[in-house]
Structures are given as structure tokens and as C-alpha cells.
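Take a look at the sequence and the structure below. The report that follows walks through a few of the features, one topic at a time.

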Amino acid sequence: MKKLIIKNVLVQNPFVEPFLSDILVENGIIKEINSEIHCEDTEIIDGKNKILTPGLIDRHTHGGYGCNFNTCNENELQEYLIKIKRHGVVGIVPTIMTDDIKVIN
């Protein structure tokens with residue numbers, strides 16, 4: 001079981017004021033948010049001056065970074081999905097634009 005602690009990070013979440021905390025992550029899942037976490041055999045990342053927020057879901061997107069959902073291929077879509085992660089987007093609802101029926105069919 002891989003464990004990671006992010007120390008002293010600013011946690012920003014809806015409905016609560018931002019606060020400094022440590023975050024325990026096990027196998028890619030947040031297991032604990034606490035002011036002081038100590039675990040043996042864990043990787044530690046210094047979160048000082050960093051902000052931790054929930055992932056965002058873009059509920060209406062036509063693409064970006066050269067990817068147009070009306071005409072893109074699988075490689076262009078994969079490249080787009082990699083690039084949007086840097087903006088905190090973890091999911092999308094792809095939408096197509098009004099176009100000729102031959103393009104969107």
C-alpha cells in the first residue's frame with residue numbers, strides 16, 4: 001500500500017474557510033485530513049505555499065488546445081485530456097457545436 005503525506009498545504013473546499021493541514025493519501029485516495037499526520041514508510045511532499053482543491057468537472061466544453069470535438073480523432077482527444085489536468089479539470093462532458101450534419105454525424 002503506497003502512502004503519501006502532503007505537509008502544510010492550504011486546503012480549499014466548498015462550504016468551509018481555507019485551512020492549513022496535512023493530507024494522508026493511500027493508493028491515490030485521500031484517507032485523512034489532519035493538522036499533524038505521522039506515518040512510517042511514507043513519502044512526504046512539502047505543500048508550503050501550495051493550494052489543494054477538489055478536481056473540477058467541465059460540464060460544457062467544445063474542446064481546446066487544438067482539439068475540436070466536432071472533428072477530433074482519438075489522439076487529439078487524449079492530448080486534450082492530458083493538457084486540461086494542469087487546470088484542475090478531472091472530468092468533462094464533451095459537447096459538439098452546431099455544424100453540417102455530415103460533420104457531427
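## Two cysteines, no bond

C72 counts as partly exposed, because its relative accessibility is 24%. This is a predicted model. C67 is buried, at 5% relative accessibility. The sulfur of C72 has its closest cysteine sulfur in C67, 3.6 Å away, and that is too far for a bond.

A disulfide is a covalent bond between the sulfur atoms of two cysteines. To count here, the two sulfur atoms must be within 2.5 Å. At 3.6 Å, C67 and C72 are too far apart for a bond. The structure holds zero disulfides.

## Nonpolar cores

Which residues make up the largest nonpolar core? There are six in all: L4, I6, V9, V11, I23 and V25. Strands β1 (3-11) and β2 each supply at least two of them. The largest share comes from β1, with four residues.

Apart from this core lies another, of five residues. Among them are C67, F69, I84 and V89. C67 thus appears again, this time as a core member.

Back in the largest core, V25 has contacts of its own. Leaving aside neighbours within four places in sequence, V25 is in contact with K2, K3, L4 and I30.

## Salt bridges

Side chains of opposite charge can pair when their charged atoms come close. How many salt bridges does the structure hold? The structure holds two.

One joins the side chains of K7 and D22, at 2.8 Å from N to O. This pair links distant parts of the chain, with K7 in strand β1 and D22 in strand β2, 15 residues apart. Are the partners buried or exposed? K7 is partly exposed, because its relative accessible area is 22%. D22 is buried, because its relative accessibility is 4%. The cut-off for buried is under 20%.

K83 and E79 form a salt bridge too, with their closest N and O atoms 3.6 Å apart. Both residues lie in helix α1 (residues 74-84). They are four residues apart, about one turn of the helix. K83 is partly exposed, at 21% relative accessible area. E79 also counts as partly exposed, at 38% relative accessibility.

## A buried threonine

Where does T61 sit? T61 is in strand β6 (residues 56-61). T61 counts as buried, because its relative accessibility is 6%.

What does the side chain of T61 reach? It reaches the backbone nitrogen of G63 at 3.1 Å. The side chain of T61 also makes a polar contact with the side chain of Y80, at 3.1 Å. Leaving aside neighbours within four places in sequence, T61 is in contact with F69, Y80, I92, V93, P94 and T95. F69 belongs to the five-residue core described above.

## Two loop residues with positive phi

Most residues other than glycine have a negative phi. N27 has a positive value, near 50°. N27 is found in the loop between β2 (19-26) and β3 (29-34). N27 counts as exposed, because its relative accessibility is 51%. The cut-off for exposed is over 50%.

D41 has a positive phi as well, near 55°. D41 is placed in the loop between β3 and β4 (43-46). D41 counts as exposed, at 76% relative accessibility.

Notes:
Residues numbered from 1 in each chain as written. Predicted model: local features only at pLDDT ≥ 70, side-chain atom pairs only at ≥ 80, totals over all residues. Heavy atoms only, no water. Buried < 20%, exposed > 50% of the residue type's maximum accessible area, 1.4 Å probe, protein only. Polar contact = N/O pair within 3.5 Å; in protein donor to acceptor, adjacent residues only side chain to side chain. Contact = heavy atoms within 4.5 Å. Core = buried A, V, L, I, M, F, W, Y, C linked by side-chain atoms within 4.5 Å. Salt bridge = Lys/Arg side-chain N within 4 Å of Asp/Glu carboxyl O.
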